[in-house]
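Hi,

Here is the structure I promised to pass on. Have a look first, and my notes follow below.

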Amino acid sequence: MRERYYIEEIGRHVDREVTLEGWLAGKRSSGKILFLQLRDGTGFIQCVASRADVGDETFAAADELSIESSLRVTGTVHADARAPSGYELSVAGIEIVHAADEYPISRKEHGTAFLMDNRHLWIRSSRQFAILRIRAAVIVAARRYFDSRGYTLVDTPILTPNAVEGTTTLFETKYFDESAYLTQSGQLYNEATAMALGKVYCFGPALRAEKSKTRRHLIEFWQIEPEIAYADLEDIMDIQEELVAELIRHVLETRAPELAILERDTEALAKAAPPFPRLSYTEAVKRLNEAGHAFEWGEDFGAEDETVLSKLFETPILVHRYPRMVKPFYMEDDPDDESVTLSVDMLAPEGYGEIVGGGQRAMDAERLERRMREEGMPVDEYQWYLDLRRFGSVPHGGFGMGIERFVTWVCGLPHIRETIAFPRMLSRLRP
RNA sequence: UCCUGCGUAGCUCAAUGGUAGAGCAACCGGCUGUUAACCGGUUGGUUGGUGGUUCGAGUCCGCCCGCAGGAGCCA
């Protein structure tokens, strides 16, 4: 293979001549000197071309380049404190691969609707580049966390006849002569695979036809969901804490330039180290009331409640033992207090709220079936799920972490829509 | 689904019911260290659609469409 050079590794080639292949992200000209901001997907670098060095013809051609034209730029790498990245390229030659049409996205302000309409181009911008790189790092680290601890990756189906969450939020589709639904979670199948393989996880999209329109919701989002046999609520909290701590550490270590582009307060992220406070729902309600926030025991936390609660702490917090009424049918009851469940959600600090939800699952077939009937679920359809309690039932649990919500917090973003390349939202299916 | 707001040049926004403007982008010219560069000039409009009120509607009213912010629900 021929040798390729990338901006990300440019520091290894100081004082050598290299050719970079990329796109023109920005340009400033001063008559006899040109500053070209080149991006190649691994980073951004300033290329400096002076008329004296490159000759009149190349200089004139470069001066006319339109933004987002694709280029091969050859030049010598220099360390230079004046350059934003610390390095710049002294241009010797430029090969224009394609001269771009007039580019619609400028450095000036744009409205959200315009940027979302041009999402396929917006992702070229430095902020979007940084977010998508951090997202990828989070996913790699999450998978590595589970892979290195003996979990088996078992993918769960996208098409399913079952409803995990409420049926009103299901996407229905044709499945030959019957109807099927798009998955909202791999959890029920995870419970089956955990009984086969002990420790499992799945990673994939979840689709919810919720008519929700907030800064924390996507119609299509990605979840990583572990499920562990012979695990109780305390185990689940330990795993959540260790996972999140490792993800934060990995992002801080490997994505510092991207966090800098986002102007993320890394001090705040570094503070998110274990141990994470663990408080019961009941204690959390007390804390809310003490903070002067009206809230009644038995309600589910709303966006405002989570924000108030998470701002009381500098680290993520684990809120456990939610009331039966606000949690799904599969949550195990607390043997010490049957009004609450062995559930646990993690709330991110800085007002970001819920990023993980999970808990210990119901173990007894009869109680589980009774609960399903109470909620009006089609029990026949779920016989396979009840079988898991009929053939060697064990205490077990797991959780789901929403990748986009996690990335929203890590990047310090005001809205979840920038954390996935092509967000699907209530009023947006395109591009 | 509900509440609120907004649709005017490619973009971000002005315009008392009375001749649709500015900045940026684009284009032309100038400038040897710019960081959203700067300076001078030029071009650019079916004011989201539709019906109405009025001598006259970007502006007021009805309906429709689109988008944004928030709520509920959730990861």
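**What I found**

Helix H14 is followed by Gly412, which has a positive phi, near 70 degrees. Keep in mind that this is a predicted model.

The helix just before that glycine, H14, covers residues 403–411, and 9 of its 9 residues are buried, so the rest of the structure largely encloses it. Among the buried ones are Phe406, Val407, Trp409 and Val410, but also Glu404 and Arg405.

Pro335 is another story. You'll find it in the loop between strand E14 (333–334) and strand E15 (337–341). Buried or exposed, then, with 7 C-beta neighbours inside 10 Å? Pro335 counts as exposed, because a residue gets that label at 12 or fewer. From Phe176, Pro335 is 159 residues away in sequence and 45 Å away in space, C-alpha to C-alpha.

Next, the barrel. It is closed by 5 strands in the order E1-E2-E3-E5-E4, with mixed pairing. On average, neighbouring strands of this sheet are turned by 55 degrees against each other, direction ignored. Helix H2 (residues 56–63) packs on the sheet, where it touches E1, E2, E3 and E5, and its direction makes about 80 degrees with that of E5. Within the barrel, E2 (residues 33–39) and E3 (residues 44–50) run antiparallel, joined by 7 bridges. Gln37 stands opposite Gln46 in E3.

Last, the RNA. Strand B is surrounded by 60 residues, and the closest are Gly31, Gly111, Ser212, Gly302 and Gly402. The surface near the RNA strand is made up of 17 nonpolar, 21 polar and 22 charged residues.

Cheers

Methods. Residues are numbered from 1 along each chain as its sequence is written. Chains are lettered from A and ligands numbered from 1 in the order in which they are written. This is a predicted model: local features need pLDDT of at least 70, side-chain atom pairs count only at pLDDT 80 or more; totals for chains, interfaces and linings use all residues. A residue is near a molecule or strand if its C-beta atom, placed from the backbone, lies within 6 Å of it. Ala, Val, Leu, Ile, Met, Phe, Trp, Tyr, Cys and Pro count as nonpolar, Asp, Glu, Lys and Arg as charged, and the others, Gly among them, as polar. A residue is buried if 20 or more other C-beta atoms lie within 10 Å of its own, exposed if 12 or fewer, and partly exposed in between; C-beta atoms are placed from the backbone. Helices (H or I, at least four residues) and strands (E, at least two) are DSSP runs, numbered from the N terminus. Two strands pair if DSSP finds at least two bridges between them. Axes are lines fitted to C-alpha atoms, for helices over the stretch in contact, and angles run from 0 to 180 degrees between N-to-C directions. Two residues are in contact if their C-beta atoms, placed from the backbone, lie within 7 Å.
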